[in-house]
Amino acid sequence: NKYLRLINLEKDNIKNIFNSIESIIFEKNIQGTYLFANDAFKNIFCRDIIGKRDTQIFNEETAYKLINDDMLVINEQKSISREIELSINGKKHIFSIKKFPLHDENEDIKICGISLDITKEKELQHKKDELNEMIDNYIILSYTDSNGMITDISKAFCRLCGYEKYELIGKNHNILGACGQDDLLKELWECIEQNNVWYGEFKNKKKDGSIFYIESTVMPHYDFKGKKIGYMMLAKDITDKKIVEKLSITDALTNLYNRRFFDEVFEKKVSIAARERTKVALFMCDIDNFKSYNDIYGHQMGDKVLKEISDELKSHFCRAGDFVCRIGGEEFAVILTILGSKQLDDFASKIVKKIEKLSIEHKGNEPFNVVTVSCGIAVVDFETTDKIFSVDDIYKMSDDELYKSKQNGKNRFSSIHIP
């Protein structure tokens with residue numbers, strides 16, 4: 001009697017433990033009759049199932065699935081898992097069910113099972129999947145390893161650059177044409193390798209060769225343990241913004257920079273040169289007797305000449321830091337990367353000769369009878385002069401040299417170098 005009381009007490013303790021668990025725990029015989037179910041079952045379904053079968057509790061479709069699972073557990077002697085959808089008080093619930101075979105003290109097979117209402121988890125996962133899908137489709141996002149190789153990239157990014165995802169995974173972002181921006185990339189890596197966040201803009205190239213611009217935020221990427229595993233870039237397409245900006249600083253006829261751009265950049269260049277005590281140079285040129293050309297050949301032909309001269313200037317002054325601008329009707333200015341004095345004069349002489357050799361007829365430009373230009377150059381070396389030169393001072397010096405070229409017969413250049 002003592003041992004029976006202990007056994008019964010142990011059974012009661014186990015039963016109490018089972019009843020305190022939120023998961024449904026049940027036991028069935030091989031005929032599918034429920035032998036045991038904890039309180040969680042009763043709390044959820046509001047009924048007692050002891051002695052009943054699935055066909056007496058659930059609808060036909062659900063009962064069929066549950067009975068079929070029972071047969072697999074018995075016949076194959078292995079555990080199985082499934083998810084099943086049930087309606088409780090008019091609301092849809094999703095349960096995970098795991099069943100496994102169990103042999104009692106008489107070696108009879110029974111079916112034991114554990115089930116849990118995972119509706120909230122499913123709803124949360126659905127929202128998470130929706131959010132991930134939205135991010136993938138509409139957010140320009142990429143992940144790289146510590147060496148900058150792309151490990152994942154969003155569909156939105158792929159659509160923007162024209163590549164398929166498989167074409168970018170394992171590649172460096174340089175595949176998008178970020179090369180040529182070495183100083184920017186150096187600044188980026190110095191920042192993020194110190195685990196800081198970097199902000200900046202990139203000019204990139206699509207698969208078809210067209211250009212696009214992105215405003216980027218690059219930051220370290222950590223796993224769930226807090227270990228740094230690479231970097232994450234969140235970007236915004238600013239191509240349209242850049243196009244608008246370019247239009248605002250571009251001369252519509254020649255596609256050179258316009259007067260607005262010239263004024264802004266030249267002021268910055270002079271300010272930097274004065275502060276850092278370096279050189280600044282301004283090249284100006286004017287088409288000789290251009291009013292006469294328009295009178296003789298018409299404004300349409302005059303526009304054509306302006307384009308041809310612009311193309312020659314762009315091809316001649318093509319180094320990084322050279323800014324070719326149209327600042328007036330037939331007047332051009334180039335903010336120059338610094339060259340030596342003699343080298344700069346040689347450079348100017350060549351462009352004067354190149355334009356004459358275009359051999360564009362101009363009967364009103366005697367004695368040459370072709371289109372020519374007159375040029376003026378001003379170079380100020382702030383390292384070797386103590387005199388203060390403003391933007392207007394340097395502009396006037398270059399313009400005065402241009403006037404000298406005109407006075408001395410046109411189709412030539414004149415320069416001043418200070419000191």
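**A walk through the predicted model**

C375 sits in strand 14, which spans residues 373-381. The model is a predicted one. C375 is a useful place to start, and its surroundings come next.

C375 is buried, with a relative accessible area of 0%. Leaving aside neighbours within four places in sequence, C375 is in contact with F283, M284 and C285. Its other contacts are V352, E401, L402, S405, R412, F413 and S414. Over a longer range, C375 and Q56 are 319 residues apart in sequence. In space, their C-alpha atoms lie 102 Å apart.

One of those contacts is another cysteine, C285. How many disulfides does the structure hold? The number is 0. C285 is in no disulfide, and the nearest cysteine sulfur, that of C375, is 4.7 Å away. Why is there no bond between C375 and C285? The sulfur of C375 is 4.7 Å from the sulfur of C285, its closest cysteine sulfur, and that is too far for a bond. The cut-off for a disulfide is a sulfur pair within 2.5 Å. C285 is buried, like its partner in contact: its relative accessible area is 0%, and that of C375 is 0%.

Next along the chain from C285 comes D286. D286 is found in strand 11, residues 279-287. Is D286 buried or exposed? At 13% relative accessibility, D286 counts as buried, because the limit for that class is under 20%. The side chain of D286 makes a polar contact of 2.8 Å with the side chain of K406. Residues up to four places away in sequence aside, D286 touches E330, E331, T372, V373, S374, L402 and K406. L402 is also in contact with C375. V373 and S374 fall within the residue range of strand 14, 373-381.

Now to T254. T254 lies in the loop between helix 8 and helix 9. T254 is buried, with a relative accessible area of 4%. Which side chain makes a polar contact with that of T254? The partner is D251, at 2.6 Å. Apart from neighbours within four places in sequence, T254 is in contact with L306, S310, K314 and R326. L313 offers another reference point: 59 residues from T254 along the chain, with the two C-alpha atoms 11 Å apart.

The helices on either side of the T254 loop lead to the largest pocket. The volume of this pocket is about 1300 Å³. Its lining is made of 34 residues, and the closest to its centre are K203, Y213, K246, Y257 and F323. Which elements give two or more residues to the lining? They are strand 8 (198-205), strand 9 (211-222), helix 8 (239-248), helix 9 (259-276) and strand 12 (323-326). The lining divides into 16 nonpolar, 8 polar and 10 charged residues.

From the pocket, turn to the enclosed space. The count comes to 1 cavity of 30 Å³ or more. The largest cavity has a volume of about 150 Å³. It is lined by 14 residues, with F41, F58, L66, I97 and S115 nearest its centre. Strand 1 (24-28), helix 2 (39-45), helix 3 (60-76), strand 3 (80-88) and strand 4 (91-103) each give two or more residues to this lining. Which element gives the most? Strand 4 does, with 3 residues. By class, the lining has 11 nonpolar, 2 polar and 1 charged residues.

Helix 3, one of the elements in that lining, also holds D70. D70 counts as buried, at 4% relative accessibility. Which side chains make polar contacts with the side chain of D70? K28 is one, at 2.6 Å. K99 is another, at 2.7 Å. Neighbours within four places in sequence left aside, D70 is in contact with K28, D54, K99 and I111. K28 falls in the range of strand 1 (24-28), and K99 in that of strand 4 (91-103). Strand 1 and strand 4 are both among the elements that line the cavity. The D70 side chain thus brings the reader back to the cavity's surroundings: its polar contacts run to K28 and to K99.

Definitions and conventions:
Residues are numbered from 1 along each chain as its sequence is written. This is a predicted model: local features need pLDDT of at least 70, side-chain atom pairs count only at pLDDT 80 or more; totals for chains, interfaces and linings use all residues. Side-chain values use heavy atoms; hydrogens and water are left out. Buried means under 20% relative accessible area, exposed over 50%, partly exposed in between (1.4 Å probe, protein chains only). On a 1 Å grid over the protein atoms alone, a cavity is a set of points where a 1.4 Å probe fits but cannot get out, and a pocket is an open set with protein on both sides within 12 Å along at least five of seven lines; lining residues have an atom within 4 Å of a point. Grid points are joined across faces, edges and corners, and a volume is the space filled by probe spheres set on the points. Helices (H or I, at least four residues) and strands (E, at least two) are DSSP runs, numbered from the N terminus. Ala, Val, Leu, Ile, Met, Phe, Trp, Tyr, Cys and Pro count as nonpolar, Asp, Glu, Lys and Arg as charged, and the others, Gly among them, as polar. A polar contact is a pair of N or O atoms within 3.5 Å; within protein, one must be able to donate a hydrogen and the other to accept it, and residues adjacent in sequence count only if both atoms are side-chain atoms. Contact means heavy atoms within 4.5 Å.
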